[in-house]
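Trainee: I have a model open and would like to go through it piece by piece. Can we start with the sheets?
Mentor: Fine. Put it up and we will take one topic at a time.

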Amino acid sequence: MLETQDLTVRFGGHVAVNAVSCRFEPGTLTAIVGPNGAGKTTYFNLISGQLRATAGRVRLNGQDLSALPASARTRAGLGRAFQLTNLFPNLSVLENVRLAVQATREGAHRRGLDLFSIWSDHGQLTQRAREILASVAMGAQEAMAVASLPHGDQRKLEVALLMALEPQVYMFDEPTAGMSHDEAPVILNLIRALKKDRSKTILLVEHKMDVVRELADRIIVLHNGALVADGPPAEVIASPVVQQAYLGVGPQDACAQDGTPPQPGLPPRGGRRTNP
Ligand SMILES: Nc1ncnc2c1ncn2[C@@H]1O[C@H](COP(=O)(O)OP(=O)(O)OP(=O)(O)O)[C@@H](O)[C@H]1O
Ligand SMILES: [Mg+2]
């Protein structure tokens, strides 16, 4: 189980993630929603170790990862989509995925310098890399240099590399942003397939509420860096904080819907945008 306890980061005077305590169970997909600037990506960065927390803890299966760098957290089982800047832009798509598969397997069982096993490994690694590329519908692009891929394919490749890691925890940050109508379903199908593996914990930052409604077992809402709602999708979607942030329902309307007064400090109406 992944757990954050009072996880906090300050940038100067600004608290971007404010004492967020949350547990994420294997076999569940948790959607993380909230308006732009709420702290969702920063929360992921604190979990994966791309950013060091000002305070608080990150634990995976009871192991405290808070002091570890990102690479060690990846080895421990936290999977964050690769930044394409970490890749080898002049190598092919297939070679990049094969390197990611190789890096993962070597971590698990490094073999000696035996030419036969290196050769047979190479074949197996290539086969696994091809399977992963097929799963993101990128088989046809395997020989292309990463640097020459269109934007949608770059995003799909990020997901392919995350698959190659075979992590315990998958963190998807707006995985279909910038994808075409043809490309987005490929990624959503992959997430649907992943959900069937009950040993995996999936965190999904997503602005598209239809996607959240379909995929999430649970929704948490971040607002101004703080956790303001947490619960089953239907309940959270009906809550005033989500109604206002996503559906443009004003405090009066939200109040009228369930009879409770609006929560203070809500985001401005229509204040969200979709990331580029
Ligand atoms: N490295 C940084 N230095 C200073 N401020 C930062 C840094 N990273 C994020 N922030 C600030 O932290 C806040 C949270 O940003 P974050 O990117 O986490 O929001 P988000 O919820 O992912 O938004 P979006 O939906 O637009 O992706 C913002 O006010 C942002 O400007
Ligand atoms: Mg973000």
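Trainee: What is the strand order in the open sheet of four strands?
Mentor: Keep in mind that this is a predicted model. The order is β2-β1-β4-β5, and the pairing is antiparallel.

Trainee: Which strands stand at the edges there?
Mentor: β2 (14-24) and β5 (63-64). Each has a single partner strand, so one side of each is left without a neighbour in the sheet.

Trainee: And how many bridges hold β1 and β4 together?
Mentor: Strand β1 (residues 2-11) pairs with strand β4 (residues 55-60) over five bridges, in the antiparallel sense. To find the register on screen, look for Leu2, which stands opposite Leu60 in β4.

Trainee: What does α1 touch on that sheet?
Mentor: α1 packs on the sheet and touches β1, β2 and β4. The direction of α1 makes about 65° with that of β2.

Trainee: Is α1 mostly covered or mostly open?
Mentor: Mostly covered, with seven of its nine residues buried. Those are Lys40, Thr42, Tyr43, Phe44, Asn45, Leu46 and Ile47. After the helix comes Gly49, which has a positive phi near 95°.

Trainee: Switching to the other sheet. How are its six strands ordered?
Mentor: The order is β6-β7-β8-β3-β9-β10, again an open sheet, with mixed pairing. β6 (78-80) and β10 are the edge strands; each has a single partner, so one side of each lacks a neighbour in the sheet. From one strand to the next, the twist averages 20°.

Trainee: Where does α1 pack on this one?
Mentor: α1 touches β3 (29-33), β6, β7 (169-173), β8 (201-205) and β9. The direction of α1 makes about 150° with that of β7. α6 also lies across part of this sheet, over β3, β7 and β8, and runs at about 150° to β8.

Trainee: What about the β9 and β10 end? How many bridges there?
Mentor: Five bridges join strand β9 (residues 218-223) to strand β10 (residues 226-231), and the two run antiparallel. Ile220 has Asp230 as its bridge partner in β10, and Leu222 stands opposite Leu227.

Trainee: Which residue has the positive phi in that hairpin?
Mentor: Asn224, near 50°. The hairpin has two residues between the strands.

Trainee: Back to α6. At what angle does it cross α5?
Mentor: Roughly 10°, and the axes of helix α5 (residues 151-165) and helix α6 (residues 183-195) come within 10 Å. The two helices are therefore roughly parallel to each other.

Trainee: Which residues make the contact?
Mentor: From α5, Gly152, Lys156 and Val159; from α6, Glu183, Val186, Ile187 and Leu190. By class, that contact has four nonpolar, one polar and two charged residues.

Trainee: Now the ligand. How many residues surround ligand 1?
Mentor: 11, of which the closest are Phe11, Ala16, Asn36, Thr41 and Thr42. Helix α1 (residues 40-48) gives the largest share of the shell, three residues.

Trainee: What is the shell made of, by class?
Mentor: Seven polar, three nonpolar and one charged residues.

Trainee: Last one, on the whole chain. What share of the residues is buried?
Mentor: 37% of the 276 residues. The chain has 10 helices and 10 strands. Of the contacts between residues at least 6 apart in sequence, 65% join residues at least 24 apart.

Notes:
Residues are numbered from 1 along each chain as its sequence is written. Chains are lettered from A and ligands numbered from 1 in the order in which they are written. This is a predicted model: local features need pLDDT of at least 70, side-chain atom pairs count only at pLDDT 80 or more; totals for chains, interfaces and linings use all residues. Two strands pair if DSSP finds at least two bridges between them. A residue is buried if 20 or more other C-beta atoms lie within 10 Å of its own, exposed if 12 or fewer, and partly exposed in between; C-beta atoms are placed from the backbone. Two residues are in contact if their C-beta atoms, placed from the backbone, lie within 7 Å. A residue is near a molecule or strand if its C-beta atom, placed from the backbone, lies within 6 Å of it. Ala, Val, Leu, Ile, Met, Phe, Trp, Tyr, Cys and Pro count as nonpolar, Asp, Glu, Lys and Arg as charged, and the others, Gly among them, as polar. Axes are lines fitted to C-alpha atoms, for helices over the stretch in contact, and angles run from 0 to 180 degrees between N-to-C directions. Angles under 35 degrees count as roughly parallel, over 145 as roughly antiparallel, 65 to 115 as roughly perpendicular and the rest as oblique.
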